[in-house]
Amino acid sequence: MTNAALTTENLAVTYTGNREVEAVKGVSLEFPENELTAIIGPSGCGKSTLLKSLNRLHEIQPNVEITGDVTLGGRSVYDTDEPVPELRKRIGYVPQKPTALPLSIYENVAYGLRIHGECESKAELDDRVESYLRKVNLWEEVEDRLDTPGAELSTGQIQRLCLARSLAVEPDVLLCDEVTSALDPISADQVEKTLESLKAEYTIVAVTHSMDQAKRLADEVVFLYLGELVEANDVRSFFENPQNERTREFVDGSRPVEDDDDSNSDSEPTTASVSPGR
Amino acid sequence: MDRYTEQRLFGALARASAALVVAVMVLVVAVTIVRGGIVFLTDPAIAITPPGSRYMLEGDGGFLHAVLGSIFIVGPATVVSMILAVSTAIYLQSDYSSERFSEVVNMFLNVLWGTPPIVYGVFVLTVIIAIGARTSLFFGIVAIAIFQYPIMTRYTDEALRSAPDTVKEATYGLGATRFETALMTLRAALPGIIAGIIMGFARGVGDAATVLFTAGRSTNMPGGPFEPATTLPVLIFDQAMSFNAEVRSHAYAASFVLIIVVLGLIVVSKLLAGRYARYTPGGRHS
Amino acid sequence: MGESMESQESNARGGRLGRRLRIERLSSYWLGGAGYFAIGLFVLIVMSLVYQSLPLLSEYSVVQMLTSSNWDPAQNEFGFMPAIVGTIYVTALSMLMGTPIAILAAIYLAEYAEGRLKTLVSSFIDVLAAIPSVIFGLVALIVVVPFVGNYLAPAVGSSATGLGIFTVSLVMAIVVTPFMISLSVESLEALPDELRETSLGVGATKWETIKLVLLRAAGPGIFSAILLGFGRVFGATIVPAMLIGGQTHVPSSPFATGQTLPTLIVNDFGELMSLPLTQSALIFVGLMLVVVVWLFNFAAMLVRRRLQRRWQY
């Protein structure tokens, strides 16, 4: 019953600034519906770039070129007449740094609903805000100060606020960029629990730098190294029985990351499919 | 209105606004350079010819007096103001002042920065009245120096703050005194400071309101520090109001000289600031 | 710190270290003096202006002078109303014309322009900011004045020479716009990219992101920029003196001639300075300018703090 919500076909992203860097090199992947796929790999290996190219968020930077394609529910994300904002409504993004918009707590959650004109009445809006704040386990902590600036919350609370804001527009896919890396362990734990509770309902793609977190949270794991896809598998197989030598080394943590670009260009497959056995 | 229409509309408005501002700037510079250039280039000697006895009435002679007045007033004023501004900026760094003190001083600097130049003119005038002196080149220098002081202090302060901390640490680590360290930080921030001083110089060269009541609006060659003098902007102001067409046309020639000088200074300042931003780690990015 | 320095100094008196410490001590006196210079200068300006305004203030009541529209120094009539109204007119009109253009152009520079075009446009704006105001006045005399006098004023059914409130406001809007642009660009560019990503990430359009998020987050900075522009128009001297027509009456329309507080000083300086009361009156105008600018700076600081709290991110 493989049901891929989001797929990439030979996706390549190149930065064409002062010096040309190919950050993602021809990656083909399938992200299964209602599962959490973790993208792991050493820093600077193109994880964030891959994630942002899934909803065209890299386009806000100048000098980025992209080839290949991303499809959501069978429809191309790049080759389409649909305005990009509509696309990003269906593929939401939560940034690495907990970022409150310069609005009140209430308005932070209502922001997406308002711009998309989702709610007819104030009561409906109230309901939606409350239900999404509950969904990320933030309601009890903020219900009596919904009018205070979002930025006055703790960073852990802000990150859950960000999740609520992204969820409120009811995306099909949620992209999370190392959402716990800027948090203290306790807040990180709370956000992780929230993600855990969400993954049954949403297709989540989460970049993480923590192997343990991937192990705890993910259904599927994608390993990226220097912009190339090394291995993609379900979480059990990935950690217990890695197919690829480099994955094994990375999982074991036995080898420090090196910048040997040439050594991995011969044998590694650059395309793979998540969980081919299912 | 559909949100995508709104998006396109305001995107276009933003572009149009920027285009408008650029167009206005091109117009102003072009009119000054073309109109002034024609007058100036048919007789470039007017910039180095002393004014005749009825210059403001009939335009005999040239406006050397204002060129010299600008040099003799803005030059010394810049030096005085620079010394004061650099000293103030050093004192505002954390080695000398508490955060609170520099906050308070910065508040006053902001107020001075926003004070209209004419107020400095009137202030120096009150001093002239109080000591029973008369308007002269010297008081022009004082007024311009006061006008430049907050501008230069702000640029210098900014440059010093973005100098790398490692310079300070390294110098203190060698057993340097506070003053010796300050000198080293000055060296590290030098391009930015020079850019700021040139900026202050350019503003001083272009300002008329401060000198109007303090230097004397003389129509003769400057005779000494305590004799009346005038500067190019004040001269242009007076010429433009003249009833004589010849004198009015001289205003454009004088503007041509003034705009060339000011634009040249700005270019030099920008080049220095750009260099500076590139070589300072964690400095301002543009 | 001073004390320990001194004892060290006495230990090493006469030596090289002694000399260095002496330089340290003397330099710190000088630098300290310079550190207080800004405060001293401000206090001195205010005191000096107040002191020399006293002759006027002891003869006439402030309220009466501020509300009287009869200005005739030769007859000892000091009504500031015409100049005050003129100043308010000019300031309001210029800000009305300049602010929207400045903010939109800043948005273009910070959010739309890229690469070489951006560098080009922003250096053009820097140049515009550096042009001396007397040159703006001069160019306006042959460009704006005929335009207003021959086309614009007749078009709205008003006859005018082209000199007057509207002309001054238009030119002052041009003078202050580049300042407001560069400060606004600075504060927009200082915003973290996460704000843009977050807003776009829930499906906002670029304009919605700018309007609802970035303009708020950069609000305190943009507010300061506008205020700086306000101060510059308010105290502008040369451009109004060249273009306002210099007639002391309460202006009846935007195309009428008039007077602003600074032009009052320029026009009556010289001939009337020999009369002590006139001299005092003109200095009192300078005092009013300082007080208003100072009040606005202070109010701006309070508002900025509020905005910073309200619109933090």
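## Strand β8 of chain A and the contact of chains B and C

Chain A averages a pLDDT of 84, and 90% of its residues score at least 70; pLDDT is the predictor's confidence in each residue, from 0 to 100. This is a predicted model, in which local features need pLDDT of at least 70, side-chain atom pairs count only at pLDDT 80 or more, and totals for chains, interfaces and linings use all residues. Residues are numbered from 1 along each chain as its sequence is written, while chains are lettered from A in the order in which they are written.

Let's start with strand β8(A), residues 203-207 (strands are DSSP runs of E, at least two residues; helices are runs of H or I, at least four). In β8(A), 5 of 5 residues are buried, meaning that 20 or more other C-beta atoms, placed from the backbone, lie within 10 Å of the residue's own. T203(A), V205(A) and V207(A) cover one side, with I204(A) and A206(A) on the other. In a regular strand, side chains alternate between the two faces of the sheet.

Two strands pair with β8(A), for which DSSP must find at least two bridges:

| Partner strand | Sense and bridges | One bridge pair |
|---|---|---|
| β3(A), residues 36-40 | parallel, 4 bridges | A38(A) with A206(A) |
| β7(A), residues 173-177 | parallel, 5 bridges | L175(A) with V205(A) |

From β7(A), the chain passes through helix α7(A), residues 185-198, to β8(A) in a right-handed β-α-β crossover (clockwise from the first strand over the helix to the second, with the strands pointing away from the viewer).

Definitions and conventions: A residue is buried if 20 or more other C-beta atoms lie within 10 Å of its own, exposed if 12 or fewer, and partly exposed in between; C-beta atoms are placed from the backbone.
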